[in-house]
Amino acid sequence: DVLVNNAGGNRDFDASEPGDLAALADQWRANFDANVLTAVLVTEALSDRLADGGAVVSIGSIAAERGAESYGASKAALATWNLSRAAELGGRGITANVVAPGYVGETEFFRDTLADERRSRLIGETAIGRPGTPEDVAATIHFLASPGARHITGQVVRVNGGASTTR
């Protein structure tokens, strides 16, 4: 069994400038609910149904390391929550990992509002000089769900063309 927590998105795109602290809190809660709470609740609801030796893969973001206000913070929280899932599910041989894409050009994430200058800058940050594709992300998820990844758990796998690297 494989569970992919792929719900979420950046709810800041839908928000206007908060007029007061209550509105700001609502914006932060919207991203937390969309990006963390959905994964927590679905994983909890299905954890007893996951087959021993299965996999849980949650979709994070490069924004977890770069800021991006409440969206980035929610993706960082998702990565931290994943550590507990890896420990909890590991006894059953179930792995839990996060795939954290960088800029993926062929999606509706930016809702066709990404300026050409920003798109060029995001691509320029990569070591390989191209945006990611949905296939890049899907292939990583497929690997993490495969028998070849049974000893990989509690990790954040960056799929960003080298825009953000590890040591």
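## Close-up views of a predicted model

**View 1. Strands E3 and E4 lie side by side.** E3 pairs with strand E4, residues 156–159, in the parallel sense over four bridges. One facing pair sets the register: Val 99 stands opposite Val 157 in E4. The model shown here and in every other view is predicted.

**View 2. Strand E2 also pairs with E3.** E2 covers residues 55–59 and is joined to E3 by five bridges. These two strands run parallel. To find the register, look for Ser 58, whose bridge partner in E3 is Val 98. E3 thus has pairings to show with E2 and with E4.

**View 3. Strand E3 is enclosed.** E3 spans residues 95–101. How many of its seven residues are buried? Seven of the seven are, so the strand is largely enclosed by the rest of the structure. The cut-off for buried is under 20% relative accessible area. In a regular strand, side chains alternate between the two faces of the sheet. Here Thr 95, Asn 97, Val 99 and Pro 101 point one way from E3. Ala 96, Val 98 and Ala 100 point the other way. Residues on both sides are all buried.

**View 4. Thr 43 is a buried residue of helix H1.** H1 runs over residues 21–46 and includes Thr 43. Is Thr 43 buried or exposed? Thr 43 counts as buried because its relative accessibility is 1%, and the cut-off is under 20%. Which residues does Thr 43 touch, not counting those up to four places away in sequence? They are Leu 3, Asn 5, Val 56, Trp 81 and Arg 85. Of these contacts, Val 56 falls within the residue range of strand E2, 55–59, and Trp 81 within that of helix H3, 69–90.

**View 5. Ala 68 and Glu 69 both have positive phi.** Ala 68 is in the loop between helix H2, residues 63–66, and helix H3, residues 69–90. Its phi is about 70 degrees, a positive value although Ala 68 is not a glycine. Ala 68 is partly exposed, with a relative accessible area of 42%. Glu 69 is placed in helix H3. Glu 69 is not a glycine either, yet its phi is positive at about 55 degrees. Glu 69 is exposed, with a relative accessible area of 57%.

**View 6. Glu 106 sits in a loop after E3.** This loop lies between E3 and helix H4, residues 116–124. Glu 106 is exposed because its relative accessible area is 57%, and the cut-off for exposed is over 50%. Leaving aside neighbours within four places in sequence, Glu 106 is in contact with Thr 133, Pro 134 and Glu 135. Where is Ala 25 relative to Glu 106? The two residues are 81 residues apart along the chain, and their C-alpha atoms are separated by 31 Å.

**View 7. The whole chain gives the setting.** The protein chain has five helices and four strands. Along the sequence, they follow the pattern β-α-β-α-α-β-α-α-β. The C-alpha trace spans about 45 × 40 × 30 Å along its principal axes. For 167 residues, a compact globule would have a radius of gyration near 15 Å, and the chain's 16 Å agrees. Buried residues make up 38% of the chain. Among contacts with a separation of 6 or more, 76% are between residues 24 or more positions apart. The accessible surface comes to about 9,300 Å², and 54% of that belongs to carbon and sulfur atoms. The chain carries 15 positive and 21 negative charges, and the mean positions of the two sets are 5 Å apart.

How values were computed
Residues numbered from 1 in each chain as written. Predicted model: local features only at pLDDT ≥ 70, side-chain atom pairs only at ≥ 80, totals over all residues. Heavy atoms only, no water. Buried < 20%, exposed > 50% of the residue type's maximum accessible area, 1.4 Å probe, protein only. Rg over C-alpha atoms; globule rule 2.2 N^0.38 Å. Contact = heavy atoms within 4.5 Å. Areas by Shrake-Rupley, 256 points an atom, 1.4 Å probe, with all protein chains shown as cover. Lys, Arg positive; Asp, Glu negative; His and termini not counted. Charge placed at Lys NZ, Arg CZ, Asp CG, Glu CD. Pairing = 2+ DSSP bridges.
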